[in-house]
Amino acid sequence: MDAMERPRGPGGTLVNIGLGAVFALGIAFTAYMLIDSWGKAYWIFTTAIAVVMGALALLRERQRLWTAAAGVAVTAAAVVAALVAELPQEPSPMAALALAVLVGSSIRTLPVWPAVAIAGGGAGVAALAWASGPTGVAAMTTMLVVGGLIAGPVLRAFAPGPRSGVPAGESVTWPP
């Protein structure tokens, strides 16, 4: 790993610490609420997906493309599994937040075509969340992913250079 793959300075570390705290508290709260409302062991699946997604979001600087692609795949598989097995609707709030972080981060840092692919995958997962009907979970997932789709290009525009996947001195165009 070189300096290009690590978060820059204490700001990147503080963002990840804060994001990790939000994930931990949100996952614990979601598990508690599922235990209280659904009972039994339904919370285990949702918690496992949220933990995996949170870990991928926190590790996004290590392998930008692969963590984002894995996040989209894990979330899509979770949504389908929850529909088929009649589990609580996925993605959970924290999994949706992690997906939004991965989508926004990939748009900001990856070259254009991989970023477009990840953005399309995130939008596809948000659309898939509506398969079980118009619910708060689907609406929240859509809002978070749209937030990532907006934040990514905005941050990309204000952070040109090697971190955005664009060589220094070249302009950034979005959309391609």
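These are my notes on a pocket, an aromatic pair and a salt bridge in a predicted model.

**Ground rules.** I number residues from 1 along each chain as its sequence is written, and I use heavy atoms for side-chain values, with hydrogens and water left out. Local features need pLDDT of at least 70 and side-chain atom pairs count only at pLDDT 80 or more, while totals for chains, interfaces and linings use all residues.

**Pocket.** I looked up the second largest pocket (on a 1 Å grid over the protein atoms alone, an open set of points where a 1.4 Å probe fits, with protein on both sides within 12 Å along at least five of seven lines). The volume of this pocket, the space filled by probe spheres set on the points, is about 160 Å³. Its lining residues (an atom within 4 Å of a point) include Phe29, Met33, Trp38, Pro88 and Val137. Helix α1, residues 9-37 (a DSSP run of H or I, at least four residues), gives the most to this lining, with 4 residues.

**Aromatic pair.** I found 1 pair in the structure (ring centres within 6.5 Å, the six-membered ring being used for Trp). The rings of Trp38 and Tyr42 have centres 5.1 Å apart and planes at 65°, so I logged the pair as edge-to-face (planes over 60 degrees apart). Trp38 is partly exposed at 39% relative accessibility, and Tyr42 is partly exposed at 27% (partly exposed lies between buried, under 20%, and exposed, over 50%, with a 1.4 Å probe and protein chains only).

**Salt bridge.** I found 1 (a side-chain nitrogen of Lys or Arg within 4 Å of a carboxyl oxygen of Asp or Glu). Arg64 bridges to Glu61, with the closest N and O atoms 3.2 Å apart. I noted both Arg64 and Glu61 as buried.

How values were computed:
Helix = DSSP H or I, 4+ residues; strand = E, 2+ residues; numbered from the N terminus. Phe/Tyr/Trp six-rings, centres within 6.5 Å; stacked < 30°, edge-to-face > 60°.
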